Number of protein chains: 2
Amino acid sequence: MTVQIDAMDRKILQQLQEDASQSLDDIARKVGSSKTPVWNRIRKMREGGVIGQQTVILDPDALGLEACFFVLVRTNAHEADWQKKFLKALRSRPEVLEAHRLAGEIDYILKVRVKNARAYDEFYQALIKEVAIYNVTALLSMEEIKNTTMLPLD
Amino acid sequence: MTVQIDAMDRKILQQLQEDASQSLDDIARKVGSSKTPVWNRIRKMREGGVIGQQTVILDPDALGLEACFFVLVRTNAHEADWQKKFLKALRSRPEVLEAHRLAGEIDYILKVRVKNARAYDEFYQALIKEVAIYNVTALLSMEEIKNTTMLPLD
DNA sequence: GCTGAAAGTAACCGGGG
DNA sequence: CCCCGGTTACTTTCAGC
């Protein structure tokens, strides 16, 4: 079912990750191929779900989203019902950019982008009102050292 | 210096976030404007750095990157020199997708994408060999509940 | 599976309202 | 500031090899 990815595919993906707006001609030249084969590979990888959404990266500060928190969540409710409600809450909130279920002591980690600490508290209050949570630790980011969507393809 | 963003700009950004490949005409229609003004706004926001890189989101599993770790780092070396070396190491490693300096007990958080636990260990060993670290906790992601680059624009 | 060309579509950039 | 139209450039498809 899964598409097989070879070295040429990876080169193409690398180019698309770096700049999805460049023309097929440019990509073909850079990867040492030509338009049609590159286009066919891209089409296949899109259909196979290897290539997903095409998007732009926006500057959060310019949009007034100056605060970023990582939230460590511990729960004692491990029932399927509770989990379902919790996941639904996370997915419906646009300020939650990322959410993972973890192995070990801590059950979930969230990455939350908001205007300021006040806005985080409003998010937090709304969340714990919606679903019971045993323990929460919020880590405030002081400096974003690195933030990339580019996966390592070598 | 910073570009002023109004409601129309936000609508345009929303469209670009959702699908950066759609045509100017489509965007213009959806936001209730027309080509020229939309194009001018996009150009301004690009120049102003509000709109950054245009990219594609790839499926990590399809590329064999099936493990995701969040790494909590505590240090006791708070000298500028150590920090410089540490940041350089993080930025140079492509498996580090995200790195933040934090306020509080924990000094740094990293998000690392690798093939498997073995590959994580290799990354970890290489990192602590390069720079001294007081304490490290690795949190293994079992399930990616949500992962988006879309900032909330309302 | 590549080449090259042909057709359709969109970006870009003027002059005018 | 926005509308419109022309030009250039790109994407997408397809017949031939």
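Guide: Copies here are superposed by least squares on the C-alpha atoms of residues with pLDDT of at least 70 in both. Keep in mind that this is a predicted model.

Visitor: How can chain A be laid on chain B, and what kind of axis relates the two copies?

Guide: Chain A goes onto chain B by a turn of 180° with a shift of 0.0 Å along the axis, and the RMSD is 0.1 Å. The two copies are thus related as by a two-fold rotation axis.

Visitor: Which C-alpha of chain A is nearest the axis?

Guide: Let's stay with that axis. At 2.8 Å from the axis, the nearest C-alpha in chain A is that of A:T55.

Visitor: Which element gives the most to the surface near DNA strand D?

Guide: Start with some contacts: a polar side-chain atom of A:K35 is 3.4 Å from a base oxygen of strand D, and one of B:T36 is 2.9 Å from a base nitrogen. Two elements give two or more residues to the surface near the strand, α3 (35-47) of chain A and α3 (35-47) of chain B. The one that gives the most, with 3 residues, is α3(A).

Visitor: Which atom of DNA strand D is 3.0 Å from the side chain of A:W39?

Guide: A:W39 is one of the residues around strand D. An N or O atom in the side chain of A:W39 has, at 3.0 Å, a phosphate oxygen of DNA strand D.

Visitor: Is B:Q15 buried or exposed?

Guide: B:Q15 sits in helix α1 (residues 7-18) of chain B and touches, among others, B:I27 and B:V31. Buried means under 20% relative accessible area. Its relative accessibility is 12%, so B:Q15 counts as buried.

Note on methods: Residues are numbered from 1 along each chain as its sequence is written. Chains are lettered from A and ligands numbered from 1 in the order in which they are written. This is a predicted model: local features need pLDDT of at least 70, side-chain atom pairs count only at pLDDT 80 or more; totals for chains, interfaces and linings use all residues. Side-chain values use heavy atoms; hydrogens and water are left out. Helices (H or I, at least four residues) and strands (E, at least two) are DSSP runs, numbered from the N terminus. Buried means under 20% relative accessible area, exposed over 50%, partly exposed in between (1.4 Å probe, protein chains only). Contact means heavy atoms within 4.5 Å. A residue is near a molecule or strand if one of its heavy atoms lies within 4 Å of it. A polar contact is a pair of N or O atoms within 3.5 Å; within protein, one must be able to donate a hydrogen and the other to accept it, and residues adjacent in sequence count only if both atoms are side-chain atoms. Lists of a residue's contacts leave out its neighbours within four places in sequence.
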